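Student: I'm new to this one. Can we go through it together, with you showing how each label is earned?

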Amino acid sequence: IYDISTNPEDPNLVLDVVGPSNNDYYYHRDYKTYGDYLYIVNEMTGIDAGMQVIDLSPLPDGPPIKRNTYSGVTQSHNLWISQNGYAYIEHYYGDNIHIVDVNNPLNVIYESTFGNLGENCHDVYTQGSLAYVSEGYSNQYGIYDISNLSDINRLATIDCIGYAHNAWLNDSGTHLITTEETAGETIKIWDITDLDNINLDGEYLGENNLAHNVHVLNDLVYISHYTTGI
């Protein structure tokens, strides 16, 4: 964690969060902030495995404080935190999604899980009462009703040819944009206004033919394409 307020070109290190670092050549991590807290998940094994919790509230006058790590899931590739304070943690190797309540960061509480054990979930994103899960080698995207965390149901499935890597909504919630992280497979824009009749409205692919992630803001799609940039 760096302080960039004085000189962004030469930032000051204020906290180095030590965590697991074994058995993953690429050191996959994911992190999100919610309120005054930072939450970190890792695919690696080793010390302090789990979802690490960092209190950012002392900033800028004091250093962040490392709090207790949530160990209900020790390895994860992806993390999402909803607007109402629930963290959706993708299990390592994607067997399902693990949900915890982080409204009290000092006492993270397990809520539920969803997703069949056979599904290879890579990425999860929620908006309102729906979760959009990119299910990796299952070659599909699942749309789930999460209005009741004790009774989560799949509402629709979008099939793809490649590896279902990530998905993001447009601002109005009418279209889901997906990537497959597979050479030659396009970024796809799906009309999801009727979950019983989902249609492909558009496609795009950068010049290197391998899309990674998409995010959407103000009707613009921001796409990472590895070697061809953003």
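Tutor: Sure, what follows is a set of questions about a predicted model, each answered by holding a value against a rule.

Student: How do you know that Cys121 is in no disulfide?

Tutor: A disulfide needs two cysteine sulfur atoms within 2.5 Å. For Cys121, the nearest cysteine sulfur belongs to Cys160 and is 13 Å away, so the pair misses the 2.5 Å cut-off.

Student: And what about Cys160, which cysteine sulfur is nearest to that one?

Tutor: That of Cys121, 13 Å away, and Cys160 is in no disulfide either. By this rule, the count of disulfides is zero.

Student: Why is Cys121 called buried or exposed?

Tutor: Buried means under 20% relative accessible area. Cys121 has 2% relative accessibility, so Cys121 counts as buried.

Student: Where does Cys160 fall, buried or exposed?

Tutor: Its relative accessibility is 13%, so Cys160 counts as buried too.

Student: Let's try Tyr141. Where does that residue sit, and what makes it buried or exposed?

Tutor: Tyr141 belongs to strand 13, which covers residues 140–145. With 1% relative accessibility, Tyr141 counts as buried, because the cut-off is under 20%.

Student: How far is Tyr141 from Asp123?

Tutor: Along the sequence they are 18 residues apart, while from C-alpha to C-alpha the distance in space is 9.6 Å.

Student: What makes strand 16 and strand 17 a pair?

Tutor: Pairing takes at least two bridges between the strands. Strand 16 (residues 175–179) and strand 17 (residues 187–191) are joined by four bridges, so they pass; they run antiparallel. Leu176, for one, stands opposite Trp190 in strand 17.

Student: Which sheet holds them, and why are strand 15 and strand 18 called edge strands?

Tutor: The sheet is an open one of four strands in the order 15-16-17-18, with antiparallel pairing. Strand 15 (166–169) and strand 18 (199–204) each pair on one side only, which makes them the edge strands. On average, neighbouring strands of this sheet are turned by 25° against each other, direction ignored.

Student: Last topic, the second largest pocket. How many residues line it, and how many of them are charged?

Tutor: The lining has 15 residues; Ser82, Gln83, Asn84, Thr126 and Gly128 lie nearest the centre of the pocket. Seven of the lining residues are nonpolar, eight are polar and no charged ones appear. Gly counts as polar under the rule, so Gly128 goes with the polar group. The volume of this pocket is about 230 Å³.

Student: Which strand gives the most to that lining?

Tutor: Strand 11, with three residues.

Key:
Residues are numbered from 1 along each chain as its sequence is written. This is a predicted model: local features need pLDDT of at least 70, side-chain atom pairs count only at pLDDT 80 or more; totals for chains, interfaces and linings use all residues. Side-chain values use heavy atoms; hydrogens and water are left out. On a 1 Å grid over the protein atoms alone, a cavity is a set of points where a 1.4 Å probe fits but cannot get out, and a pocket is an open set with protein on both sides within 12 Å along at least five of seven lines; lining residues have an atom within 4 Å of a point. Grid points are joined across faces, edges and corners, and a volume is the space filled by probe spheres set on the points. Helices (H or I, at least four residues) and strands (E, at least two) are DSSP runs, numbered from the N terminus. Axes are lines fitted to C-alpha atoms, for helices over the stretch in contact, and angles run from 0 to 180 degrees between N-to-C directions. Buried means under 20% relative accessible area, exposed over 50%, partly exposed in between (1.4 Å probe, protein chains only).
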